[in-house]
Amino acid sequence: MASVVYETGLCDASGVERGLTKEIRQSHGRGRTAHNLSSSSLRKKSDNSLVSKVRCRVLRNLLTNLQEVLLGTKLFVLFLAVPLAFVAQNWRFERTWVFALSLLGLIPLAERLSFLTEQISFYTGPTVGGLLNATCGNATELIIALFALHMGKIEVVKLSLVGSILSNLLLVLGTSFFCGGLVNLSKEQRFDCKQADANTALLLLGALCHMLPLMLRYTVNSDEGSFTAPTLAFSRASSIVMLAAYVAYLFFQLKTHGYLFKPQEENDTDDTVSDAEAVIGFTSAIAWLVGMTILIAVLSQYAVCTIEAASESWGLSTSFISVILLPIIGNAAEHAGAIIFALKNKLDITLGVTLGSATQISLFVVPLSVIMAWIMGMQMDLDFKLLETGSLVGSILITLFSLRDPTLAFSNLNVFCHLHTCIRPR
């Protein structure tokens, strides 16, 4: 059975890190984050032989950009959902079609957003590229939350953000561990415990900030449907603290201890694309980034406006769609990449994607949504109800204990393999 082994990274008397792997040393300074590497698993190498024969330089650059941005992903077929969503919206199709096509169109756009931030980081350096990735890493969830806030759908915002954290910690990380353990039965699965410790500690901080308003509401007023001013004020103050903690986390990750968050990079012989240099220009990358962000904003608005119609038509509650469907669709490409790298026995990248994304949502997107609602004059707090908060705290504790005791995450697989060995005929 595959086992997970810590890379302790102990320091000697001179303070030199001894536990850094060769891959982490090689990747240091390239500016490639786990999110970029995760999305790269769904990219494909473009053939520029025909485009290079075009004599007109402007036309050649345009065709190159179109080929690299639109056709440079294995999800390029889903780009057809983007114009179809516009057609369905403008031609008054059923609202469920608009909702479904909008969600499908968000999948390749989110993956291309990661690609464009990586292209920009080649020109700006790892620090600015890391900041850009830290801001745009969960741009889909942030944009959906802002549009839902603008429409007064506070419950949709809360449920979708909680669902994003739960999907990262339970669905994606759990699937990665399970599938990676099955594929790598005879190998040791290694990961750096320091990165996991930093992210889980921040997730616990976010969970504490969610628990305190809930406890305060039950202390001040036991009526669950009532709204108390102390809870709102406490939530806004906690949101400011959470944003400050996230800024400190970025300084820790990008400036002082960046080597702890550098994922392993190896020379693969499979179909994974390893981008060693920029393939489009800086100005083109900025223009594509702005255009993709606008498209994400429009499709997010369509999805938020039609969520109730989809709920009635499909017979699913709005809570289920907000907690389950929206988070999974928003980062489907990135989540698929995390599972793929777990199958390749690269858990550093998997943990960087899942824990990093959950941390970003918990300490950046959630408090920013509270602050934006405050600016809009809306009453959004950090009280996510008892069931949602309990699920959030439980998932963080499960993740924490699973990463503390590597055998715990694979206990079910160990039992399965032991039973299989016992009943195997001799």
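What follows is a chat about a predicted model of one protein chain.

Student: Hi! How confident is the predictor in the chain on average?
Tutor: Since this is a predicted model, that's a good place to start. The average pLDDT is 77, and 75% of the residues score at least 70.

Student: And in which helices is confidence lowest and highest?
Tutor: Helix α1, residues 22-27, is lowest with a mean of 38, while helix α4, residues 81-90, is highest at 92.

Student: Where does pLDDT stay under 50?
Tutor: One such stretch is residues 1-31, for which the model still has 77 contacts beyond four places in sequence. Another is residues 266-274, with 16 contacts in the model beyond near neighbours in sequence.

Student: OK, changing topic. What does the secondary structure come to?
Tutor: The chain has 17 helices and two strands. Of its 426 residues, 51% are buried.

Student: What about the accessible surface?
Tutor: That comes to about 19400 Å², and carbon and sulfur atoms contribute 65% of it.

Student: Let's look at α5. Why is it described as largely enclosed?
Tutor: Helix α5 is largely enclosed by the rest of the structure because 23 of its 30 residues are buried.

Student: How does its span agree with what 1.5 Å a residue should give?
Tutor: For the 30 residues of α5 (residues 95-124), the expected span is 44 Å. The end C-alpha atoms of α5 are 42 Å apart, so the two agree.

Student: What comes just after α5?
Tutor: Glycine 125, which takes a positive phi of about 100°.

Student: There's another glycine I'm curious about, 137. Where does it lie?
Tutor: Glycine 137 is in the loop between α6 (126-136) and α7 (139-150).

Student: Is that glycine 137 buried or exposed?
Tutor: Buried, because its relative accessibility is 11%, and the cut-off for buried is under 20%.

Student: What does glycine 137 touch?
Tutor: Not counting residues up to four places away in sequence, glycine 137 touches Leu132, Asn331, Glu334 and Gln360. Its C-alpha is also 9.0 Å from that of threonine 117, with the two 20 residues apart in sequence.

Student: Last one: where is lysine 158, and is it buried or exposed?
Tutor: Lysine 158 sits in helix α8, residues 154-183. Lysine 158 is buried, with a relative accessible area of 9%.

Student: So which side chain does the lysine 158 side chain make a polar contact with?
Tutor: That of aspartate 381, at 2.7 Å. Leaving aside neighbours within four places in sequence, lysine 158 is in contact with Met380, Asp381, Asp383 and Phe384.

How values were computed: Residues are numbered from 1 along each chain as its sequence is written. This is a predicted model: local features need pLDDT of at least 70, side-chain atom pairs count only at pLDDT 80 or more; totals for chains, interfaces and linings use all residues. Side-chain values use heavy atoms; hydrogens and water are left out. Helices (H or I, at least four residues) and strands (E, at least two) are DSSP runs, numbered from the N terminus. Buried means under 20% relative accessible area, exposed over 50%, partly exposed in between (1.4 Å probe, protein chains only). Contact means heavy atoms within 4.5 Å. pLDDT is the predictor's confidence in each residue, from 0 to 100. Accessible areas come from the Shrake-Rupley method with a 1.4 Å probe; for residues, only the protein chains shown count as cover. The expected span of a helix is 1.5 Å times one less than its number of residues. A polar contact is a pair of N or O atoms within 3.5 Å; within protein, one must be able to donate a hydrogen and the other to accept it, and residues adjacent in sequence count only if both atoms are side-chain atoms.
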